[in-house]
Amino acid sequence: MKYLLYIIIFTLLQALFFGRIHLFDVATPLVYTWMVLHMHRGMNKVLSMVLSFILGLSVDAFSNTPGQASTTMTLIACLQPYVLELFLRREDAPNFQPTLRALGFTRYFAYALILLAIYCIVYYMLSFLSGTMDWQEWLITTGASLVLTLAIILVIEFSIKDNS
């Protein structure tokens, strides 16, 4: 139920606010990816991919990026459990929720950086392959969007009082 609320909130935030930000005409925050970062350990993989696809499809509908967000959100939802396992301790609970407070800054930063880097590389590679940007623009846009998205997600994580 909370993930359906996340889908609605992040779709609206991306469509009405974050999707309109193009810092220096290269960096766009892709903050809706936070939902995948926040999925708990042990979550049904099919459910996480379906929810991520729905969020991506919703973002695609408002952003005029047919298939880019939905494809890439599904990919990182598929990879998230494996990346998360790299940063967990043996004693962590089966339903562990990856948050800044739970993982600590260093592990959360690395976890988020890996998934967001994959997201930004693939997301903007789809634009590059469709011929809408050259390789230099792809490289700058990918890096700038990654840094901006990671910074905003860290601000969100720092501002959340209770991450449960």
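Contact here means heavy atoms within 4.5 Å. The exercises below concern a predicted model.

**Exercise 1. Determine where Thr149 lies, whether Thr149 is buried or exposed, and which residues Thr149 is in contact with, leaving aside its neighbours within four places in sequence.**

Solution.
Step 1. Thr149 belongs to helix 7.
Step 2. The relative accessible area of Thr149 is 0%. Buried means under 20%, so Thr149 is classed as buried.
Step 3. With neighbours within four places in sequence set aside, the contacts of Thr149 are Thr28, Pro29, Leu30, Val31, Thr33 and Leu116.
Step 4. For one of these, Pro29, the C-alpha to C-alpha distance to Thr149 is 4.6 Å, while the two residues stand 120 residues apart in sequence.

**Exercise 2. Characterise Thr33, one of the residues in contact with Thr149, by its place, its burial and its contacts.**

Solution.
Step 1. Thr33 is situated in the loop between helix 1 and helix 2.
Step 2. Its relative accessible area is 1%. With the limit for buried residues at under 20%, Thr33 is therefore buried.
Step 3. Not counting residues up to four places away in sequence, Thr33 touches Met73, Ile76, Leu116, Tyr119, Thr149 and Ile153.
Step 4. Leu116 is a contact of Thr33, and Leu116 is also a contact of Thr149.

**Exercise 3. Identify the members of the largest nonpolar core that touch the most other members, and state which helix gives the most to this core.**

Solution.
Step 1. The largest nonpolar core has 45 residues; Tyr32, Met35, Tyr108 and Tyr111 touch the most other members.
Step 2. Two or more residues come from each of helix 1 (2–16), helix 2 (34–37), helix 3 (45–63), helix 4 (68–85), helix 5 (100–103), helix 6 (105–129) and helix 7 (135–159).
Step 3. The most is given by helix 6, with 10 residues.
Step 4. As context, nonpolar side chains tend to be buried together in soluble globular proteins.
Step 5. Tyr32 touches Phe10, Gln14, Leu55, Val59, Ala69, Met73, Tyr119 and Tyr123, when residues up to four places away in sequence are not counted.

**Exercise 4. Classify the ring pair of Tyr32 and Tyr119, and establish which parts of the chain the pair ties together.**

Solution.
Step 1. The structure holds 12 aromatic pairs. Such a pair of rings is described by the distance of the centres and the angle of the planes.
Step 2. For Tyr32 and Tyr119 the ring centres are 5.9 Å apart and the planes stand at 80°. Planes over 60 degrees apart count as edge-to-face, so this pair is edge-to-face.
Step 3. Tyr32 is in the loop between helix 1 and helix 2, whereas Tyr119 is in helix 6; the pair therefore ties together parts that are 87 residues apart in sequence.
Step 4. Both Tyr32 and Tyr119 are buried.
Step 5. Tyr32 and Tyr119 form one aromatic cluster with Tyr123 and Tyr124.

**Exercise 5. Describe the surroundings of Thr72.**

Solution.
Step 1. Thr72 is part of helix 4.
Step 2. Its relative accessible area is 0%, so Thr72 is buried.
Step 3. Not counting residues up to four places away in sequence, Thr72 touches Tyr119, Val122, Tyr123 and Leu126. Of these, Tyr119 and Tyr123 also belong to the aromatic cluster.
Step 4. Thr72 and Ile118 are 46 residues apart in sequence, yet 8.6 Å apart in space, C-alpha to C-alpha.

**Exercise 6. Describe the largest pocket by its volume, its lining and the classes of its lining residues.**

Solution.
Step 1. The largest pocket holds about 390 Å³ of space.
Step 2. Its lining comprises 23 residues, and His22, Thr28, Thr65, Tyr123 and Tyr124 lie nearest its centre.
Step 3. Helix 1, helix 3, helix 6 and helix 7 each give two or more residues to this lining.
Step 4. By class, the lining contains 10 nonpolar, 10 polar and three charged residues.

**Exercise 7. Compare the phi values and the accessibility of Phe24 and Asp25.**

Solution.
Step 1. Most residues other than glycine have a negative phi.
Step 2. Phe24, however, has a positive phi near 55°, and Asp25 has a positive phi of about 60°.
Step 3. The loop between helix 1 and helix 2 contains Phe24 and also Asp25.
Step 4. The relative accessible area is 73% for Phe24 and 71% for Asp25. Exposed means over 50%, so Phe24 is exposed and Asp25 is likewise exposed.

Technical notes. Residues are numbered from 1 along each chain as its sequence is written. This is a predicted model: local features need pLDDT of at least 70, side-chain atom pairs count only at pLDDT 80 or more; totals for chains, interfaces and linings use all residues. Side-chain values use heavy atoms; hydrogens and water are left out. A nonpolar core is a set of buried Ala, Val, Leu, Ile, Met, Phe, Trp, Tyr and Cys residues joined through side-chain atoms within 4.5 Å. Buried means under 20% relative accessible area, exposed over 50%, partly exposed in between (1.4 Å probe, protein chains only). On a 1 Å grid over the protein atoms alone, a cavity is a set of points where a 1.4 Å probe fits but cannot get out, and a pocket is an open set with protein on both sides within 12 Å along at least five of seven lines; lining residues have an atom within 4 Å of a point. Grid points are joined across faces, edges and corners, and a volume is the space filled by probe spheres set on the points. Ala, Val, Leu, Ile, Met, Phe, Trp, Tyr, Cys and Pro count as nonpolar, Asp, Glu, Lys and Arg as charged, and the others, Gly among them, as polar. Rings of Phe, Tyr and Trp (its six-membered ring) pair if their centres lie within 6.5 Å; planes under 30 degrees apart count as stacked, over 60 as edge-to-face and the rest as tilted.
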